[in-house]
Amino acid sequence: MRYQDSMARSAEHLRAALPQMTRQRAALHPISYAVWYEHVSGINPALSHALQTLTRDERCLDEAQTLQLYQDHVSDFNARTAQNIGDGLNRVLDTLSASASLAGQQTAGFEASLQRWVEELLVEAVPAAERSGQTPGQIVQQLLVGTQDIRATLQTLQERLDGSQNELRLLREEVRRARADALVDSLTGLANRRAFEQELSLCAASRTGLRTQHEDRPAEDAQAPCLVLGDIDFFKRVNDSFGHLFGDHVLRAVAQTLKQVARGDSLPARVGGEEFALLLPHASLAQAQGLAEQMRASVAASRIRPAQAQPSLERITMSMGVTQMTPGESANDFFERADRALYASKRCGRNCVTVLSAEAA
Ligand SMILES: Nc1nc2c(ncn2[C@@H]2O[C@H](COP(=O)(O)OP(=O)(O)OP(=O)(O)O)[C@@H](O)[C@H]2O)c(=O)[nH]1
């Protein structure tokens, strides 16, 4: 077995790993848990060496580097085990928490028994004094001092257990936050690709079993999942001309616009470097097209500029693709059609919206 640490030791490693993991660009998920767990526990020197090289000079690991480290150095660590580490952490916490509380109860029980013994011993003290040659007062005194010592020790133990429980609560909170962070894009605060894919799968799952009445001609639906994909035009040029930091600023501004366009039940997400999505679980194609057009126009009308006026900067624009899921369609096919619609907009000169229905595809 690869991991032979006790539960207490595992919790210690995870506790050491979490703060380091949260400083990286890569989100927290079972693969990054696996990489950082192996590093902090010191069981994988080759991995530690590679990881330290990549994070030298305060550099942060991104998704691709984390995945590469995992593939290169955590070879016999399969995805299932990785998932177990994430889930297992909570089990470790539960067990530790239960042990701490049980020890607390046992301590209280022991203290009650001790009190009872002391009382019984006091009844026996006079005959015992006769045998030992000590006065009853001396024996009672010894018992009292001994009891106080034990009580003080128990008190210290109880305080330590309380402290541990507090630490466990904090650790649990960190894990909860880390889990939530794993679904959020750290640059824009939008749902990330993972969260988006989860939601997309749910949409597809909710439609399995549905079949079109006319198999050869999928009907448009007034309330089916629709997808709007948007990609910033010539973003490389923006980065190259005004720097990566300004590029990041543009990404945040576009994300903000997407949030404003999103409706109550829709999911705005950043699904790639400069690619965004708006997943609408229940909409008509015309409604999705309307939102895509609103998004395109808002970005084109916005005045996203670097701090110093840059007359050479053209306005930022986006190309958009829109489609609707057909009954029983896979998430992949649905996404690919939206992507084809988006690239049709790029080919048509950018800064426009293309709608591609399954019928037309
Ligand atoms: N600033 C910044 N740039 C990023 C980020 N992620 C990806 N990019 C950049 O996005 C650019 C994408 O460029 P391309 O895929 O060539 O596309 P484009 O220049 O937008 O051209 P078209 O899509 O064809 O209009 C690359 O320069 C990436 O480095 C990020 O998080 N921040």
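This passage describes one open sheet, the helices packed on it, and the setting of threonine 22.

The model is predicted; local features need pLDDT of at least 70, side-chain atom pairs count only at pLDDT 80 or more, and totals for chains, interfaces and linings use all residues. Residues are numbered from 1 along each chain as its sequence is written. Helices (H or I, at least four residues) and strands (E, at least two) are DSSP runs, numbered from the N terminus.

An open sheet is formed by 5 strands. Their order is S2-S3-S1-S4-S5, and the pairing is mixed. Two strands pair if DSSP finds at least two bridges between them. Strands S2 (267-270) and S5 (353-355) stand at the edges. Each has a single partner strand, so one side of each lacks a neighbour in the sheet. Neighbouring strands are turned by 15° against each other on average, direction ignored. Axes are lines fitted to C-alpha atoms, for helices over the stretch in contact; angles run from 0 to 180 degrees between N-to-C directions.

S2 and S3 (residues 275-283) run antiparallel and are joined by 4 bridges. Arginine 270 stands opposite phenylalanine 276 in S3. Helix H7 (residues 193-206) packs on the sheet and touches S1 (224-232), S2 and S3. Contact requires C-beta atoms, placed from the backbone, within 7 Å. The direction of H7 makes about 25° with that of S3. Helix H11 (residues 331-347) also packs on the sheet, touching S1, S4 (318-324) and S5. Its direction makes about 145° with that of S4.

Threonine 22 lies in helix H1 (residues 7-22). Threonine 22 and arginine 177 are 155 residues apart in sequence, with their C-alpha atoms 9.9 Å apart.

Terms used:
Two residues are in contact if their C-beta atoms, placed from the backbone, lie within 7 Å.
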